Amino acid sequence: MTQQDPFDFLEQVLDAFIDRARGELEHRLKSWRVDLAKKEIHEVLGALLARQVSLATQLARCPSIWNDHVAPLVLRAMADVYISLIWITKDPVDRAQKFILYGLGQVKLQIEHRRAEFAGGEPSEVEKAAIEATEAWVNAQRLIYLTEVKLGSWSGVSTREMAEQAECLDFYNLVYTPFSACTHSMWHHVAKYNLRECANPLHQYHQVPYDPDFRPDAHYLYLAGKYLQKALATFDEWAGIAPPTVTAFGELSSGLDRLSGLIEERERSAKEIGDEGGGQETGLAEPHQGG
Ligand SMILES: [Zn+2]
């Protein structure tokens, strides 16, 4: 019997994950009773949930970025969504409004910066139209002159405090903070991924910059599935919605396990043929669990 090609199988796993992730969002939207008197809650929590699906499905579409250079950017954004979501569910009326008003204030500030850029000169027709369209977008939600520009964080507290109040400090410490190093290109990221020891022994082991390529590591997709699941579960608990019996994350996990098996088989048989020159590399790092 011929083995299934790991690449073909991976494609099936990704397509199924994307379909299921979107199906999970639809399931919540169908089961959620909307109170139009509090539409901000529906819009904010709904948009954050949809955002989590977008981040996970976009990552699934791009195996070339499942590496230490880029994947943490997406996962850190997913960590942000999760912490915001869980924090808002603890006091939804007030916090959903805060979330919206801060966003509108930011846009108002951007409009002011744009205007300042044109001080002394005239914006072009296209630029003017862009500013007006942005103002109209804010006005449709709240009169722009009533929108306060707030500096600092949207919630009024730090992300760490949000995590503490939402009882997910472990997630903040173990996920949000480590991925922040990559997101902000800090020393403990760049030193590890963009420096290597100089080959010249006379140079006192100084480090030289480089840009290494990494093989795609499906573990990053596993983590995206996991953070999607966490956001969905938080929402379900808050909204009192029964989750679907088969979850996108559950299917993804078993798909990645099977993929791991296929890659091992492939590499084993490649080794056997090896010396005869018939070996084939999958180009994928072997998936692992955890995190
Ligand atoms: Zn050197």
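Helices here are DSSP runs of H or I with at least four residues, strands are runs of E with at least two, and both are numbered from the N terminus. Residue numbers start from 1 along each chain, following the sequence as written. The model is predicted, with local features needing pLDDT of at least 70 and side-chain atom pairs counting only at pLDDT 80 or more, while totals for chains, interfaces and linings use all residues.

**Overall layout**

By that bookkeeping, the protein chain has 10 helices and two strands. Going along the sequence, the pattern reads α-α-α-α-α-α-α-α-β-β-α-α. The C-alpha trace spans about 75 × 60 × 40 Å along its principal axes.

Burial is a neighbour count: a residue is buried if 20 or more other C-beta atoms lie within 10 Å of its own, exposed if 12 or fewer, and partly exposed in between, with the C-beta atoms placed from the backbone. On that scale 28% of the 291 residues of the protein chain are buried. Two residues are in contact if their C-beta atoms, again placed from the backbone, lie within 7 Å. Take the contacts between residues at least 6 apart in sequence: 75% of them join residues at least 24 apart.

**Helix α3 and its partner**

Helix α3 covers residues 71–89, and 16 of its 19 residues are buried. How far apart should its ends be? The expected span is 1.5 Å times one less than the number of residues. For α3 that gives 27 Å, and the end C-alpha atoms are 27 Å apart, so the two agree.

Now for the neighbour. Helix α9 (residues 219–239) packs on α3 at an angle of about 10 degrees, with the axes 10 Å apart. Axes are lines fitted to C-alpha atoms, for helices over the stretch in contact, and angles run from 0 to 180 degrees between N-to-C directions. Angles under 35 degrees count as roughly parallel, over 145 as roughly antiparallel, 65 to 115 as roughly perpendicular and the rest as oblique. The α3 and α9 pair is therefore roughly parallel. On the α3 side the contact includes A71, V74, L75, M78 and Y82, while α9 brings residues including Y220, L223, A224, Y227 and W238. Sorted by type, the contact residues of α3 with α9 come to 16 nonpolar, two polar and one charged. For that sorting, Ala, Val, Leu, Ile, Met, Phe, Trp, Tyr, Cys and Pro count as nonpolar, Asp, Glu, Lys and Arg as charged, and the others, Gly among them, as polar.

**The nonpolar core**

A nonpolar core is a set of buried Ala, Val, Leu, Ile, Met, Phe, Trp, Tyr and Cys residues joined through C-beta atoms within 7 Å. The largest one has 58 residues, and L75, M78, I83, A224 and L228 touch the most other members. Elements giving two or more residues to this core include α1 (6–31), α2 (39–61), α3 and α4 (92–118). Which element gives the most? That is α3, with 12 residues. Setting aside neighbours within four places in sequence, A224 is in contact with L55, A56, L59, V74, L75 and M78.

**Helix α10**

The 26 residues of α10 should span 38 Å, and its end C-alpha atoms are 37 Å apart, which agrees. Its buried residues include A248, F249, L252, G255 and R266, and the buried residues of α10 pack against α1 and α9. E265 also lies in α10 (residues 248–273), but it counts as partly exposed because it has 13 C-beta neighbours inside 10 Å. Its C-alpha atom is 18 Å from that of R215, 50 residues away along the chain.

**Some loop residues**

| Residue | Loop | C-beta neighbours inside 10 Å |
|---|---|---|
| S185 | between α7 and α8 (187–193) | 11, exposed |
| Y205 | between β1 (195–197) and β2 (207–209) | 8, exposed |
| G152 | between α5 (125–139) and α6 | 9, exposed |
| H69 | between α2 and α3 | 15, partly exposed |

What about the backbone at S185? Its phi is near 50 degrees, a positive value in a residue other than glycine. Y205 also has a phi near 50 degrees, and is likewise a residue other than glycine.

H69 and C182 are 113 residues apart in sequence and 7.2 Å apart in space, C-alpha to C-alpha. Leaving out residues up to four places away in sequence, H69 touches Y193 and F214. G152 and L104, 48 residues apart in sequence, have a C-alpha to C-alpha distance of 14 Å.
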